[in-house]
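Please open the structure in a viewer and keep the sequence panel visible beside it. This tour proceeds stop by stop, stating what to select and what is to be found there.

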Amino acid sequence: MNPFQKNESKETLFSPVSTEEVPPQPLSLPKKPPPKICGSNYPLSIAFIVVNEFCERFSYYGMKAVLTLYFLYFLHWNEDTSTSIYHAFSSLCYFTPILGAAIADSWLGKFKVLSLVGLSLIALGTGGIKPCVAAFGGDQFEEKHAEERTRYFSVFYLSINAGSLISTFITPMLRGDVQCFGEDCYALAFGVPGLLMVIALVVFAMGSKIYRKPPPEGNIVSQVVKCIWFAISNRFNNRSGDIPKRQHWLDWAAEKYPKQLIMDVKALTRVLFLYIPLPMFWALLDQQGSRWTLQATRMNGNLGVFVLQPDQMQVLNPLLVLIFIPLFDLVIYRLVSKCGINFSSLRKMAVGMILASLAFAVAAAVELKINRMTPPQPGPQEIFLQVLNLADDEVKVTVLGDENNTLLEESLRSFQKMPHYAQLHLKTKSQDFHFYLKYHNLSVYTKHSVEEKNWYSLILREDGKNISSMMVKDEENKTANGMTTVRFINTLHKEVNISLTTDIFLSVGEDYGVSAYITVQSGEYAAVHCRTEDKDFLLNMGLLDFGATYLFVITNNTSQDPQAWKMKDTPANKLSIAWQLPQYALVTAGEVMFSVTGLEFSYSQAPSSMKSVLQAAWLLTVAVGNIIVLVVAQFSGLVQWAEFILFSCLLLVVCLIFSIMGYYYVPIKPEDLQKPADKQILHTQGNVINLETKKTKL
């Protein structure tokens, strides 16, 4: 029996072999270096990865840009539900990378997950792409080019935001400027991002032959879980005071698992512990596509030179990222370094949290300013009522309560309406109001039912020598997409067909028919084509302001064509959408310092076998952050400005906790992550022992 028989349970084995049994092995030739970009130290393969990421991010962010307004105005969900579903979807997209990372590091490898799973199946694709693509790009670099790898993560993030920049600007235009079946064209807005996913697949496959493809190293996720569980159970079973203590709690797994695996798990758990406070940052950052977009719908997007749609305001984020990344890398960080300040990765991330917190404080201030300019909303057991007199003479209106007490009294001349909505209180959620109408020498009593939290218009009309009324329920949200909203009342005895634009048509019934609300672009409408069964005519609707709600009453003029009486129900949005610029600048600066740094930090601190797992854990913090928003939106019950303040304060507290944790964290050096098995195999010539370093089978 050979006294030097192999023992596979050891981490590294030196097995002496006779030179007569095994011939001397020639020195291995160095591998041919991968092709570089223009003579630099950047592998050519990363060009395909970066372009692929640009296309994939175009698809993802282009679809997300219109998602909230799609929920709100196409599916007719309320703001809280739209916000919750938006963040539930975002959370799911960042949960699936855990599955993708397990598959990538365990069985298929990062390249196959990207090309075969991630880009082929869009539904699960984000889980295959997200944990792999950043780490896969980092794998293209040799360790001696660590500085170039750090710069790669900045370029990688630039490609993400270049795709986001273009898509968040274009897809809202495809939605709003193109009409499909008489409505906003969501089909086109979602279809173009889908096409970009096909392009992403083609580009990524083109670089297949030049990629460095590190092989998968076993079921890493399973090994990590089993190693941690064995260490905990082993420590619990050996809790006697007579048993010597060990330096680290994971050392209790040494009886079963290799030393290298235990070292890797130690490095992994140290970083994962540091990730605990991070979700709160993402809870704030990802509200740009939900709460901040909804805030923009109540602001004036007319900037003079062009008009911004509410969901186009998100374009500021990727645009500023493209500006801030080189600004921070080439200017700010270098100036800080020259001042002798050690601006470590964790310190950058803490400053990023502070900036995001300030951004939400600014958002709260903007929200308060909007509220001061916005008409109040009816609360529980309240309604808002306005009266329009379409009779040919003055009418006196008295609103009576259940006990015949006077709640409202108003005299209105012909074709006059109340200057503003009157607030009326109800005794229950729904109630009958009695109306006393006095017209000439005629007195009429009538009754109408109303429900709480609604707007109503009481329309008075003459019927021969009599006077009558009808109650019309106004829409709860009169403006959509921050655009102008109009509706019509037709006093003619014939149906009127109205062509507001080449794509927007509506019909208004005869004899005081009331149309639904129609959203149109703001601007001048001097000649709107209308048609009855026997004649065509033009209506001059004048200038329609941004975000205002108008009522047009079509009346008959015996000497001329029918005309429109114009009334403004809701004033235009007065606060410019440019007031959102400071909050976008602050949160984007915070993102550059937090997210770009965090990507590189996660890669540099990850053992080689677990880089995708740690990247997925980083993305998992994004998922948890979106769940936080979902919970707050559904259950907080706070007004919007108070919700912004809540998030701002929570992130400040989390930033303090993270700073304390980061103070005691000691970063791992790259050379400490190298495995003994990665060292060069040693061979000697002649009648001496041949020493081989074996890889451990995990």
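In which sense do strand β8 and β9 pair, and over how many bridges? Select residues 430-439, which form β8, together with β9: the two strands pair in the antiparallel sense, over ten bridges. Please note at the outset that this is a predicted model.

**Stop 1: the sheet around β8**

Extend the selection to the open sheet to which these strands belong. The sheet has four strands in the order β5-β4-β8-β9, and the pairing is antiparallel. Its edge strands are β5 (406-412) and β9 (442-451), each of which pairs on one side only. From one strand to the next, the twist averages 20°. For a single bridge within this sheet, select Phe433 and then His448 in β9, which is the bridge partner of Phe433. In general, the strands of a sheet pair through backbone hydrogen bonds, in either a parallel or an antiparallel manner.

**Stop 2: a sheet further along the chain**

Next, select β13, β14, β18 and β19. These four strands form an open sheet in the order β14-β13-β18-β19, with antiparallel pairing. Here the edge strands are β14 (505-508) and β19 (536-539), and each pairs on one side only. The twist averages 25° from one strand to the next. Within the sheet, strand β13 (residues 496-499) runs antiparallel to β14, and four bridges join them. One residue to display is Val496, whose bridge partner in β14 is Val508.

**Stop 3: the whole chain**

Clear the selection and display the entire protein chain. How many helices and strands does the chain contain? The secondary structure comes to 17 helices and 22 strands. The chain has 698 residues, of which 50% count as buried. Its accessible surface comes to about 33,500 Å², and 60% of this area belongs to carbon and sulfur atoms. Consider also the contacts between residues at least 6 apart in sequence: 71% of them join residues at least 24 apart.

**Stop 4: helix α3 and its last residue**

Select residues 79-95, which form helix α3. Why does a distance of 24 Å between its end C-alpha atoms agree with expectation? The helix has 17 residues, and at 1.5 Å a residue these should span 24 Å. Colour the buried residues of α3, among them Ser82, Tyr86, His87, Ser90 and Tyr94. Others to include are Thr83, Ser84, Ser91 and Cys93. An α-helix has 3.6 residues a turn, so residues three or four places apart point the same way.

Now select Phe95, which is also found in helix α3. Phe95 counts as partly exposed because its relative accessible area is 33%, a value between the limits of 20% and 50%. Leaving aside residues up to four places away in sequence, Phe95 touches Leu620, Ala623 and Ile627. Phe95 and Ala623 are 528 residues apart in sequence, yet their C-alpha atoms are 5.7 Å apart in space.

**Stop 5: helix α10**

Select residues 259-275, which form helix α10. This helix has 17 residues and reaches 25 Å from its first C-alpha to its last, close to the 24 Å expected at 1.5 Å a residue. Its buried residues include Leu261, Ile262, Val265, Leu268, Val271 and Leu274. Gln260, Asp264 and Thr269 are also buried in α10, as is Tyr275. Tyr275 leads to a further group: together with Phe281, Trp282, Phe594 and Trp618, it forms one aromatic cluster.

**Stop 6: aromatic pairs**

A search of the whole structure finds 22 aromatic pairs. Begin with Trp292 and Phe360: their ring centres are 5.3 Å apart and their planes stand at 35°, so the pair is tilted. Trp292 lies in helix α12 (residues 291-296) and Phe360 in helix α14 (residues 345-373), 68 residues apart, and the pair thus links distant parts of the chain. Are these two residues buried or exposed? Trp292 counts as buried, at 0% relative accessibility, and Phe360 is buried with a relative accessible area of 0%.

Finally, select Tyr333 and Phe343. They form an edge-to-face aromatic pair, 5.9 Å centre to centre with 70° between the planes. Tyr333 is in helix α13 (residues 316-338), whereas Phe343 is in the loop between α13 and α14, ten residues apart. Tyr333 counts as buried at 13% relative accessibility, while Phe343, at 22%, is partly exposed. The two fall into separate classes because buried means under 20% relative accessible area.

Key: Residues numbered from 1 in each chain as written. Predicted model: local features only at pLDDT ≥ 70, side-chain atom pairs only at ≥ 80, totals over all residues. Heavy atoms only, no water. Expected span 1.5 Å × (residues − 1). Buried < 20%, exposed > 50% of the residue type's maximum accessible area, 1.4 Å probe, protein only. Contact = heavy atoms within 4.5 Å. Areas by Shrake-Rupley, 256 points an atom, 1.4 Å probe, with all protein chains shown as cover. Pairing = 2+ DSSP bridges. Axes fitted to C-alpha atoms, helices over the stretch in contact; angles between N-to-C directions. Phe/Tyr/Trp six-rings, centres within 6.5 Å; stacked < 30°, edge-to-face > 60°.
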